Amino acid sequence: MLLGRKYCIIVFLIMVLLPIVTWGQDGKKAKKWSLDGYLKNLQNTWIEDFDNNWIIWNSINNRLDFKWYPNNKMYATIGIRNQLQFGQLIQVVPDYDKMLDNDYGFFDLTKVIGNNDNYVLFSNIDRLYFKYTANKIEFQIGRQRINWGRNLVWNPNDIFNSFSYFDFDYEERPGSDAVLLQYYPNYTSSIQLACKLDHNNDVTMAALYKFNKWNYDMQFMGGVMLEDIVLGAGWAGQIAGSGFRGEFSCFINTDNSIDTTATLIASIDWDYTFKNSLYIHASALYNNNGTTGNAGFRPIFINEDITAKNLTLSRASLFGQVTYPVSPLVTAGIASIFNPYDLSAFAGPSVDISLRDDLYLFFMGQIFTGAAGTEYGGYGTLFYIRLKWSF
Amino acid sequence: MKQIKTILICVILASPLLQMDAQNLSAKEIIVKADNKMRGTSSESTITMKIVRPTWERTVTFRSWEKDRKYSLTLITAPAKEKGQTFLKRDTEMWNWIPNISRLVKIPPSMLSQGWMGSDYTNDDILKESSIVVDYIHTIIGDETISGNECYKIKLIQKEDAAGVWGNIITWVSKEEFLQLKSTYFDEDGYLVKTETASEIKMMDDRKIPTYMEIIPEDDPGHKTIVIINTIKFNTNIADGFFSQQNMKRVR
C-alpha cells in the first residue's frame, strides 16, 4: 500500500527497528503476537423523504488488529480498516471518495484504493503505536486512542478523540497521532501527559490526574486544545447501586480578537440495571455558549467536525436509553436525544441478536425529527441491518 | 457485551462456585477442608463456561487471578467479540477495561443483577456465597456415595434473620479428598430449584479437585450451565500490585 512517505517511516520503525531492539530478549511461553478482527456487512437505507428518495448502499467492513508482544516491556499494534462501500449514496454525494480519503491525523494513513461512480474502496490505519513500560511508567507513541472520558454518551473531558454518537458502526473510534506518558502512583491512580498533532499541525496537549477516593474515581485535567486553554474534571461513582458519572470542561479561547468568553461544557450521566436486566440510562449535556434558538444543521455523522467543545450547538441536550434482553440471545433497546430549546429529537431503536458465539445480527433505526434549521431536523430517517462475524 | 460482563462479575465475586462453610464443629471441619481444597490464598486459572439450552449453546473462556478473596483480575479470551476485555475487583470496587476503545469503566453495583444468557447461576446466589458461613446452620445428616466416592451428606438451613434466597441446601462432601461433589438448592418453601454436580477429579497443580461442574435447574428441561477448570495453580504469591489498573491493560 502506498499511503505516503510518513506512513512508510512509521511502518519501517515498527517492523524493522523493533525486532532489532528486541533481538535476543526471548520471553517464555506466551505467544508473541495475535491477530483479531471482524468482517461485517452493513446495509444502509436513508429515507430523507418517504415519498421520494430512498437511498440504499452497503458497506463491507473488515478490521484487522495485529498485536505484537516482543517482551514484557514492549508492545506494538497496528489496526487497519478496509471498507468497501457501494450503492446509491456514492452516486448522490459529490466527492464522496474525497471525503473518505481525508485523514485528520498528522500522518496521512488513509487511502482510497479504488473508486468509480458506484463504489469506493478505502483503507485506513487508525491504530499504529508502540508502547514501552518501565515499572510504573508507560510511554506510548503513534496513532492511538487517548480516552479520558468517563461518561457513556457525551465526554467533555475527551479532548483528544471526540467522536460522533451517531457513527455507531465505527465502534473503535478514530485514533490520534500522539505521545502519551503515564505514571501510576498506585493501583487505582494515574498521571497522564499527552500531546497530539493533527493534520493542520495544530497541537492538543494536556495533563490528567486520576485517583480513587470514597469509592469514586475522580480526575482533574488541564492543557491546551487547539486555540483554547482547557480545564476540566470528571468522576465515576455510584448512588444507591446506580452508576453516576460526570465531566465538565472549561475552554478559554486564547485568540482574544475572536472570543473572550469561556465555554463551559458539562455532562452528567446516570444508569441503573434492574434485577430483571432492564437497563435504563439518562444523560444531560450543557453548553453555556449554546443557542436557545434553533441549533442548526451540521454533519453530525462525521467524527472530524466534532470536538469536546462543540458536542452540541444547543444550550442543552438530553439523552435517554432503555435496553432489555427479551430473550437470552436478543437484546432490544431504544436511545433518544432531545433538544429542549428547538424541540428537535433523535430516536434510535435497535435489536441485537446473537446467532452464534462469533456472529451477531443487528437492526437499527435512526429517526430524526424537527423543523428546518433545528439540531436534529433535516436528516430524515435511516435504517441499518448489520451482520458481524468476529474472529 | 453486557451479558459477558455480568458473568465475569459473578465469577469474580465468587470464583469457586461450589463451596460453603459450616458451623457445627464436625460439619464445619469438613466444609473448611473442602473450601481450602478449592481455593488457596491465591490462584491463577483458565476457565470455560458453557450455557446449554435446548436449541443453542454459548461459551465464554477467561483467565483469572485471585488473591485473599479481596482482589481479582479476569481476562476474557473468547468469544472473539469480547476478547481482551479485563475486569478488576479490589475490595468492593470493580472496573472494566475495553481495549478496542481504550475505555476504563467503573462498574456500578446494579450491573451485578444482570443475567448472562440465562445462566443458571443466579447473581443473588453468588453474591450471598461468602455469607453462607453465617447465614446457615449446618448438620451432618448421613453418608452417601456419589459416583463411587463415599460422601458426608450435610444440610444447611438458613437462619431466620438471614436474607439469602435458599431456604436450605444439601451438599455431599467426599470423605477421602474433601471434595464437594454435589449440592441441591431448595427455596424457602422447600422446593428443589437446582442441582450442582462436580466431577472429572484430576490432579491440578498440587491437589486433586473436580474440574467439571454442572448446574441443572429443576424446572427447565434441557437447560444447564457447565463450568470447566482447564488449568489452575494455587498459592502463587501474586503481589497486591498485580491487581492494578495498569495491569488491567497488560495482562494476557
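This text walks through a two-chain structure, from the chains to their contact, their cores and one run of strands. The model is predicted.

Start with chain A. Chain A has 391 residues, and 33% of them are buried. Its secondary structure consists of three helices and 19 strands. Look next at how the chain folds back on itself. Among contacts with a separation of 6 or more, 53% link residues 24 or more positions apart.

Now chain B. Here there are 252 residues, of which 46% are buried. Five helices and 13 strands make up its elements. Of the chain B contacts with a separation of 6 or more, 51% join residues 24 or more positions apart.

The two chains touch. Chain A gives 31 residues to the contact, and chain B gives 29. On the chain B side, the elements that supply two or more residues are β2 (57–67), β6 (103–106) and α5 (245–248). That side of chain B is mixed in character: nine residues are nonpolar, twelve are polar and eight are charged.

Next, the interior. In soluble globular proteins, nonpolar side chains tend to be buried together. Where is the largest nonpolar core? Its residues with the most contacts inside the core are B:I30, B:I31, B:A34, B:I154, B:V173 and B:L179. The core holds 32 residues in total. Helix α2 of chain B, residues 25–38, contributes five residues, the largest share. A second core is separate from this one and has 30 residues. Its members include A:F163, A:M221, A:L311 and A:I337.

Return to chain A for its strands. Follow β8, β9 and β10. Strand β8(A) covers residues 190–197, and β9(A) covers residues 203–213. The two run antiparallel and are joined by eight bridges. One point to find on the model is A:L193, which stands opposite A:A207 in β9(A). Five residues lie between β8(A) and β9(A), and the pair forms a hairpin. In that turn, A:N201 has a positive phi of about 65°.

Continue along the chain. How many bridges join β9(A) to β10(A)? There are ten, and these strands also run antiparallel. Strand β10(A) spans residues 216–225. A:N212 has A:D217 in β10(A) as its bridge partner. This pair is a hairpin too, with two residues between the strands. A:W214 sits in the turn, with a positive phi of about 50°. Strand β9(A) therefore pairs with both β8(A) and β10(A), given that pairing takes at least two bridges. A:M221, one of the residues of the second core, falls within the 216–225 span of β10(A).

Terms used:
Residues are numbered from 1 along each chain as its sequence is written. Chains are lettered from A and ligands numbered from 1 in the order in which they are written. This is a predicted model: local features need pLDDT of at least 70, side-chain atom pairs count only at pLDDT 80 or more; totals for chains, interfaces and linings use all residues. Helices (H or I, at least four residues) and strands (E, at least two) are DSSP runs, numbered from the N terminus. A residue is buried if 20 or more other C-beta atoms lie within 10 Å of its own, exposed if 12 or fewer, and partly exposed in between; C-beta atoms are placed from the backbone. Two residues are in contact if their C-beta atoms, placed from the backbone, lie within 7 Å. Ala, Val, Leu, Ile, Met, Phe, Trp, Tyr, Cys and Pro count as nonpolar, Asp, Glu, Lys and Arg as charged, and the others, Gly among them, as polar. A nonpolar core is a set of buried Ala, Val, Leu, Ile, Met, Phe, Trp, Tyr and Cys residues joined through C-beta atoms within 7 Å.
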